[in-house]
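The following exercises concern a single protein chain. Please inspect the sequence and the structure before reading the worked solutions.

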Amino acid sequence: MQDYKTMISMCAEQEEKFQFEHFSRKDALKIGLKLHENAKEQPVAVEITVNGLVVFRCFGEGAKPDSELWLARKRNAVDLMETSSLRFFAELEDAGETFADRKLDPNEYAAGGGFPIRLRGTGVIGSICVSGYPDHVDDHQLIINTLAEYFA
(Lines give C-alpha, C1' and ligand atoms only; values in the text may rest on other atoms or scores of the structure.)
Protein backbone atom coordinates (compact mmCIF):
# COMPACT_ATOMS: atom_id res chain seq x y z
CA MET A 1 0.00 0.00 0.00
CA GLN A 2 1.22 3.46 -0.82
CA ASP A 3 1.75 6.15 1.78
CA TYR A 4 -1.04 8.49 0.74
CA LYS A 5 -0.31 11.04 3.48
CA THR A 6 3.19 11.52 2.03
CA MET A 7 1.72 11.84 -1.47
CA ILE A 8 -0.80 14.46 -0.26
CA SER A 9 1.99 16.43 1.43
CA MET A 10 4.23 16.20 -1.65
CA CYS A 11 1.45 17.42 -3.95
CA ALA A 12 0.55 20.29 -1.58
CA GLU A 13 4.21 21.41 -1.58
CA GLN A 14 4.34 21.25 -5.39
CA GLU A 15 1.13 23.25 -5.69
CA GLU A 16 2.54 25.90 -3.35
CA LYS A 17 5.88 26.00 -5.15
CA PHE A 18 4.55 26.19 -8.71
CA GLN A 19 2.30 29.24 -8.48
CA PHE A 20 2.42 31.87 -11.19
CA GLU A 21 2.68 35.65 -10.83
CA HIS A 22 0.91 35.91 -14.21
CA PHE A 23 -0.13 33.41 -16.87
CA SER A 24 -0.63 34.22 -20.54
CA ARG A 25 -1.35 32.17 -23.63
CA LYS A 26 2.31 32.58 -24.50
CA ASP A 27 3.15 30.86 -21.18
CA ALA A 28 0.69 28.09 -22.06
CA LEU A 29 2.37 27.60 -25.43
CA LYS A 30 5.86 27.45 -23.90
CA ILE A 31 4.82 25.00 -21.19
CA GLY A 32 2.73 22.89 -23.57
CA LEU A 33 5.54 22.55 -26.10
CA LYS A 34 8.01 21.75 -23.29
CA LEU A 35 5.67 19.04 -21.95
CA HIS A 36 5.44 17.56 -25.45
CA GLU A 37 9.25 17.68 -25.80
CA ASN A 38 9.87 16.22 -22.32
CA ALA A 39 7.50 13.32 -22.99
CA LYS A 40 10.14 12.07 -25.46
CA GLU A 41 8.74 9.02 -27.25
CA GLN A 42 5.75 8.56 -24.93
CA PRO A 43 2.38 8.84 -26.71
CA VAL A 44 1.26 11.75 -24.55
CA ALA A 45 -1.66 14.14 -24.94
CA VAL A 46 -1.36 17.59 -23.35
CA GLU A 47 -4.05 20.16 -22.61
CA ILE A 48 -3.83 23.56 -20.93
CA THR A 49 -6.96 25.53 -20.05
CA VAL A 50 -7.41 29.06 -18.75
CA ASN A 51 -10.79 30.27 -17.49
CA GLY A 52 -12.54 27.33 -19.14
CA LEU A 53 -10.94 27.88 -22.54
CA VAL A 54 -8.54 25.33 -24.03
CA VAL A 55 -5.50 27.43 -24.96
CA PHE A 56 -3.15 24.55 -25.78
CA ARG A 57 -3.78 20.97 -26.84
CA CYS A 58 -1.41 18.53 -28.52
CA PHE A 59 -1.66 14.80 -29.14
CA GLY A 60 1.79 13.28 -29.62
CA GLU A 61 2.49 10.50 -32.08
CA GLY A 62 0.76 7.35 -30.90
CA ALA A 63 -1.61 9.13 -28.48
CA LYS A 64 -4.92 7.30 -28.40
CA PRO A 65 -8.24 8.96 -29.24
CA ASP A 66 -9.46 8.18 -25.71
CA SER A 67 -6.76 10.53 -24.37
CA GLU A 68 -9.22 13.36 -24.97
CA LEU A 69 -11.63 11.74 -22.51
CA TRP A 70 -8.85 11.25 -19.95
CA LEU A 71 -7.78 14.89 -20.28
CA ALA A 72 -11.36 16.03 -19.63
CA ARG A 73 -11.66 13.77 -16.58
CA LYS A 74 -8.38 15.07 -15.11
CA ARG A 75 -9.41 18.69 -15.85
CA ASN A 76 -12.74 18.08 -14.07
CA ALA A 77 -10.91 16.86 -10.95
CA VAL A 78 -8.62 19.93 -10.91
CA ASP A 79 -11.53 22.31 -11.55
CA LEU A 80 -13.62 20.77 -8.76
CA MET A 81 -10.97 20.55 -6.05
CA GLU A 82 -8.53 23.30 -7.13
CA THR A 83 -5.70 20.87 -6.41
CA SER A 84 -3.75 18.41 -8.52
CA SER A 85 -5.78 15.39 -9.53
CA LEU A 86 -3.10 13.20 -7.92
CA ARG A 87 -3.64 14.94 -4.58
CA PHE A 88 -7.42 14.49 -4.91
CA PHE A 89 -6.86 10.78 -5.61
CA ALA A 90 -4.51 10.42 -2.62
CA GLU A 91 -6.98 12.22 -0.33
CA LEU A 92 -9.75 9.84 -1.42
CA GLU A 93 -7.53 6.78 -0.98
CA ASP A 94 -6.32 7.98 2.44
CA ALA A 95 -9.94 8.40 3.54
CA GLY A 96 -10.89 5.00 2.10
CA GLU A 97 -13.26 6.68 -0.36
CA THR A 98 -13.92 6.55 -4.09
CA PHE A 99 -15.26 9.16 -6.49
CA ALA A 100 -18.64 7.42 -6.19
CA ASP A 101 -18.56 7.80 -2.39
CA ARG A 102 -18.35 11.56 -3.01
CA LYS A 103 -21.36 11.34 -5.36
CA LEU A 104 -19.04 11.95 -8.32
CA ASP A 105 -19.37 9.95 -11.53
CA PRO A 106 -16.09 8.03 -11.94
CA ASN A 107 -16.54 8.42 -15.71
CA GLU A 108 -16.24 12.20 -15.25
CA TYR A 109 -13.20 12.39 -12.92
CA ALA A 110 -9.72 10.87 -13.01
CA ALA A 111 -6.61 10.79 -10.85
CA GLY A 112 -3.11 11.98 -11.65
CA GLY A 113 -1.92 14.08 -14.55
CA GLY A 114 -3.93 17.21 -13.82
CA PHE A 115 -2.32 20.23 -12.14
CA PRO A 116 -3.84 23.60 -11.22
CA ILE A 117 -2.66 26.87 -12.74
CA ARG A 118 -2.74 29.04 -9.63
CA LEU A 119 -2.03 32.77 -9.71
CA ARG A 120 -0.37 33.89 -6.50
CA GLY A 121 -2.85 35.97 -4.51
CA THR A 122 -5.71 35.18 -6.92
CA GLY A 123 -6.40 31.46 -7.04
CA VAL A 124 -6.85 28.74 -9.62
CA ILE A 125 -7.49 30.00 -13.15
CA GLY A 126 -6.99 26.81 -15.14
CA SER A 127 -5.23 23.49 -15.45
CA ILE A 128 -2.37 21.64 -17.09
CA CYS A 129 -3.31 18.06 -17.94
CA VAL A 130 -1.30 15.16 -19.37
CA SER A 131 -2.43 11.69 -20.37
CA GLY A 132 -0.55 8.84 -21.96
CA TYR A 133 1.91 7.30 -19.53
CA PRO A 134 1.02 3.83 -18.21
CA ASP A 135 0.71 5.24 -14.65
CA HIS A 136 -1.08 8.43 -13.58
CA VAL A 137 1.82 9.20 -11.20
CA ASP A 138 4.10 9.41 -14.25
CA ASP A 139 1.68 11.81 -15.97
CA HIS A 140 1.85 13.99 -12.83
CA GLN A 141 5.64 13.77 -12.68
CA LEU A 142 5.99 14.94 -16.29
CA ILE A 143 4.10 18.11 -15.34
CA ILE A 144 6.20 18.63 -12.19
CA ASN A 145 9.51 18.12 -14.03
CA THR A 146 8.45 20.49 -16.78
CA LEU A 147 7.26 23.18 -14.34
CA ALA A 148 10.57 22.87 -12.44
CA GLU A 149 12.39 23.63 -15.71
CA TYR A 150 9.99 26.44 -16.56
CA PHE A 151 10.39 28.16 -13.18
CA ALA A 152 14.20 27.66 -13.11
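**Exercise 1.** Identify the residues that Leu147 touches, not counting residues up to four places away in sequence, and place Leu147 in the largest nonpolar core.

*Solution.*
Step 1. Leu147 touches Phe18, Phe20, Ile31, Phe115 and Ile128, a contact being heavy atoms within 4.5 Å. The model is a predicted one, in which local features need pLDDT of at least 70 and side-chain atom pairs count only at pLDDT 80 or more, whereas totals for chains, interfaces and linings use all residues. Residues are numbered from 1 along each chain as its sequence is written, and side-chain values use heavy atoms, with hydrogens and water left out.

Step 2. A nonpolar core is a set of buried Ala, Val, Leu, Ile, Met, Phe, Trp, Tyr and Cys residues joined through side-chain atoms within 4.5 Å; buried means under 20% relative accessible area, exposed over 50%, and partly exposed in between (1.4 Å probe, protein chains only). The largest such core holds 22 residues, and Leu147 is among those that touch the most other members, together with Phe23, Ile31, Leu35, Ile48, Ile117 and Ile128.

Step 3. Two or more residues of this core come from each of helix H2 (25-38), strands E1 (45-50), E3 (114-119) and E4 (123-131), and helix H5 (136-151). Helices (H or I, at least four residues) and strands (E, at least two) are DSSP runs, numbered from the N terminus. H5 gives the largest share, 4 residues.

Step 4. Another core, of 8 residues, lies apart from it and includes Ile8, Leu86, Ala90 and Ala111.

**Exercise 2.** Determine whether Arg57 is buried, partly exposed or exposed, and list its side-chain polar contacts with Glu47 and Glu68.

*Solution.*
Step 1. Arg57 belongs to strand E2 (residues 53-59). Because its relative accessible area is 35%, Arg57 is partly exposed.

Step 2. Beyond its neighbours within four places in sequence, Arg57 is in contact with Val46, Glu47, Glu68 and Arg75.

Step 3. A polar contact is a pair of N or O atoms within 3.5 Å; within protein, one must be able to donate a hydrogen and the other to accept it, and residues adjacent in sequence count only if both atoms are side-chain atoms. The side chain of Arg57 forms one such contact of 2.6 Å with that of Glu47 and one of 3.1 Å with that of Glu68.

Step 4. Ala28 is 29 residues from Arg57 along the chain, and their C-alpha atoms are separated by 9.7 Å.
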